Amino acid sequence: MEFKELVDTAEKWCSGNPFDLIFAEDVDERRLDFYAEPGISFYVLCPDNLTGGTDNFHVWSESEDCLPFLQLAQDYISSCGKKTLLEVLDKVFRSFRPLLGLPDIDDDAFDQYHADVEEEPEPDHQQMGVSQQ
């Protein structure tokens with residue numbers, strides 16, 4: 001994907017969450033830097049298959065406070081299959097939700113799903129060929 005398209009995707013992603021794209025470099029490495037209050041920063045190195053560069057995304061933070069939260073996204077990137085920038089950024093956002101003071105969306109989705117499910121009583125099972133009269 002052209003770097004300009006990656007930058008456009010990143011800017012659109014930022015419009016729906018607290019992060020800002022603060023730097024985009026295409027000279028030495030295809031790097032996108034993001035920042036959100038209170039001091040949460042990370043960067044994404046984007047694949048460059050055209051010139052023989054990296055073939056996977058890579059996320060990292062120079063902040064030691066942020067680094068442990070990126071483990072989920074790093075594990076996701078290294079799992080099987082190609083990932084899109086949007087998928088990677090969404091995983092990073094999910095990882096940083098506790099630092100941003102937001103509830104964990106996985107737990108909310110689980111609770112919402114189970115709140116709507118009512119257990120139905122099990123029907124009486126008749127034995128085959130036996131009348132209950």
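This is a walk through the structure, stop by stop, with something to select at each one. Keep in mind that you're looking at a predicted model.

**Stop 1: the whole chain**

Start in cartoon view and colour by secondary structure. You should find 4 helices and 4 strands in the protein chain. Following the chain from the N terminus, the elements come in the order α-β-β-β-β-α-α-α. The protein chain has 133 residues, and 32% of them count as buried. If you like contact maps, take those contacts in the protein chain with a separation of 6 or more: 37% of them are between residues 24 or more positions apart.

**Stop 2: the sheet**

Now select the strands. The 4 of them make an open sheet, ordered S1-S2-S3-S4, with antiparallel pairing. Which strands stand at the edges? Pick 20-25 for S1 and 58-60 for S4: each has a single partner strand, so one side of each is left without a neighbour in the sheet. Tilt the view and you can follow the twist, which averages 20 degrees from one strand to the next.

**Stop 3: S1 against S2**

Zoom in on S1 and S2, an antiparallel pair held by 5 bridges. The two form a hairpin, with 5 residues between them. For a landmark, show Leu21 and look across to S2, where its bridge partner is Phe34. While you're here, check how covered S2 is: 5 of its 6 residues are buried.

**Stop 4: S2 against S3, and the turn**

Select 31-36 and 40-45 next. These are S2 and S3, running antiparallel and joined by 6 bridges. Show Arg31 at one end of the pairing, with Leu45 as its bridge partner in S3. Then show Ala36, which stands opposite Ile40 in S3.

Between the two strands is the turn of a second hairpin, this one with 3 residues in between. Two backbone features deserve a close-up here. Most residues other than glycine have a negative phi, and most peptide bonds are trans. In this turn, Gly39 has a positive phi of about 75 degrees. The peptide bond from Glu37 to Pro38 is cis, its omega near 5 degrees, and Pro38 belongs to the loop between S2 and S3.

**Stop 5: S3 and on to S4**

Stay with S3. Here 5 of the 6 residues are buried, so the strand is largely enclosed by the rest of the structure. On to its partner S4: the two run antiparallel, joined by 3 bridges. Leu45 turns up again at this stop, standing opposite His58 in S4.

Go next to Ser63, in the loop between S4 and H2. Buried or exposed? Ser63 is buried, with a relative accessible area of 19%, and the cut-off for that label is under 20%. Draw a distance from Ser63 back to Gly39: the C-alpha atoms are 8.7 Å apart, with the two positions 24 residues apart in sequence numbering.

**Stop 6: H3 and what covers it**

Select 85-96, which is H3. With 12 residues, H3 reaches 17 Å from first C-alpha to last, close to the 16 Å expected at 1.5 Å a residue. Show side chains for its buried residues: Leu85, Val88, Leu89, Lys91, Val92, Phe93, Ser95 and Phe96. What covers them? Turn on the surroundings and you'll find H1, S2, S3, S4 and helix H2 (71-78) among the elements doing so.

For a link to H2, show Gln71, which lies in that helix. Gln71 is partly exposed, at a relative accessible area of 39%. Its C-alpha is 8.0 Å from that of Ser95, 24 residues away along the chain.

**Stop 7: H1 across H3**

Finish by adding H1, residues 3-14. Two packed helices are described by the angle between their axes and the distance between the axes. For H1 and H3, the axes come within 10 Å and cross at roughly 35 degrees, in a right-handed crossing. Now show the side chains: on the H1 side are Leu6, Thr9, Ala10 and Trp13, meeting Leu85, Leu86, Leu89, Asp90 and Phe93 of H3. Colour this contact by residue type and you get 7 nonpolar, 1 polar and 1 charged.

Methods:
Residues are numbered from 1 along each chain as its sequence is written. This is a predicted model: local features need pLDDT of at least 70, side-chain atom pairs count only at pLDDT 80 or more; totals for chains, interfaces and linings use all residues. Side-chain values use heavy atoms; hydrogens and water are left out. Two strands pair if DSSP finds at least two bridges between them. Axes are lines fitted to C-alpha atoms, for helices over the stretch in contact, and angles run from 0 to 180 degrees between N-to-C directions. A crossing is left-handed if the near helix is turned anticlockwise from the far one by less than a right angle, and right-handed if clockwise. Contact means heavy atoms within 4.5 Å. Ala, Val, Leu, Ile, Met, Phe, Trp, Tyr, Cys and Pro count as nonpolar, Asp, Glu, Lys and Arg as charged, and the others, Gly among them, as polar. The expected span of a helix is 1.5 Å times one less than its number of residues. Buried means under 20% relative accessible area, exposed over 50%, partly exposed in between (1.4 Å probe, protein chains only).
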